[in-house]
Amino acid sequence: ECENIIYRDSSEDMKTILLENEFLFNYNSVPIYRQQRVETIQGDNIGYQTDLVQRMSESDKAEAKKIYQEYYDSIRLKSFTCINRNFFFSILAKFNFDCEYLIEEISSIDDLHAFNLGFINDEPVIFDYAGFLTEGDI
C-alpha cells in the first residue's frame, strides 16, 4: 500500500519513472501486488548506455557529466550517490535536461538504492521504492 500512496502523490513526470503496482489478489486479508520485470544495473556500469544516452550529443554528455557531479557532490541530495551515471543521463535525456524538480523528487525517496533502479525497454524506472514506512507515517 505504501508504494501505491507514493505513486498516487507523485508528479506526472515521476509517474513515468516509478513502476506502478498491479493488484493481484488478497491472501489472508493481505493485498498482493506485483511490478513489471526490470533490467537492473549494478555499479556505475559506465560502458553500458541506453539508446537515450547513445543519442545524446557529445556536448550534452559533457553537460550531463557536469550536472551529475554537481548533484553527486551535493549534501542536500545524499541519497543521490547511489544513482549511476547511465540512469542519471537517461533521466536528463528523457526530459531534455529540464528535470531539476524531478531529480529532487527522485532524491526524496527514502529507500533509494542501486538495486531499485533499472530499465524497461531502455527507459529508466524505479521499483520497490516504498522503504520502511509504517502506518503512523502515512
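These legends walk through several close-up views of a predicted model.

**View 1. How confident is the prediction along the chain?** Before zooming in, here's the overall picture: the protein chain averages a pLDDT of 81, and 83% of the residues score at least 70. Among the helices and strands, confidence bottoms out in strand β3 (residues 39-40), with a mean of 75. The high point is helix α2 (residues 12-15), at 96.

**View 2. Helix α4 meets helix α5.** Here we look at α4 (residues 58-73) and α5 (residues 85-94), whose axes come within 10 Å and cross at roughly 115°. The crossing of α4 past α5 is right-handed. On the α4 side, the contact is made by K61, A64, K65, I67, Y68 and Y71. From α5 come R85, F88, F89 and L92. Sort these residues by type and you get 7 nonpolar and 3 charged, with no polar ones.

**View 3. S90, a residue of helix α5.** Staying with α5, we now pick out S90. Is S90 buried or exposed? S90 counts as buried because its relative accessible area is 0%, and the cut-off for buried is under 20%. Skip the neighbours within four places in sequence, and S90 is in contact with T50, L52, V53, F119 and P124.

**View 4. The buried side of the story for helix α6.** Which residues of α6 are buried? They are L102, I103, E105, I106 and S107. The cover over these buried residues includes helices α2, α4 and α5, along with strand β5 (123-126).

**View 5. N116, in the loop after α6.** Move along from α6 (100-107) and, in the loop that leads to β4 (117-120), you'll find N116. With a relative accessible area of 0%, N116 is buried. The N116 side chain reaches the backbone oxygen of D128 at 3.3 Å. Setting aside neighbours within four places in sequence, N116 is in contact with D111, V125, I126, F127, D128 and Y129.

**View 6. L24 in strand β1.** For the last view we turn to β1 (residues 22-27), which holds L24. L24 counts as partly exposed because its relative accessibility is 37%, and that class runs between the 20% and 50% cut-offs. Which residues does L24 touch, leaving aside neighbours within four places in sequence? L24 is in contact with I32, Y33 and R34. Take R34: it sits 10 residues from L24 along the chain, and their C-alpha atoms are separated by 7.0 Å.

Terms used:
Residues are numbered from 1 along each chain as its sequence is written. This is a predicted model: local features need pLDDT of at least 70, side-chain atom pairs count only at pLDDT 80 or more; totals for chains, interfaces and linings use all residues. Side-chain values use heavy atoms; hydrogens and water are left out. Helices (H or I, at least four residues) and strands (E, at least two) are DSSP runs, numbered from the N terminus. Buried means under 20% relative accessible area, exposed over 50%, partly exposed in between (1.4 Å probe, protein chains only). A polar contact is a pair of N or O atoms within 3.5 Å; within protein, one must be able to donate a hydrogen and the other to accept it, and residues adjacent in sequence count only if both atoms are side-chain atoms. Contact means heavy atoms within 4.5 Å. Axes are lines fitted to C-alpha atoms, for helices over the stretch in contact, and angles run from 0 to 180 degrees between N-to-C directions. A crossing is left-handed if the near helix is turned anticlockwise from the far one by less than a right angle, and right-handed if clockwise. Ala, Val, Leu, Ile, Met, Phe, Trp, Tyr, Cys and Pro count as nonpolar, Asp, Glu, Lys and Arg as charged, and the others, Gly among them, as polar. pLDDT is the predictor's confidence in each residue, from 0 to 100.
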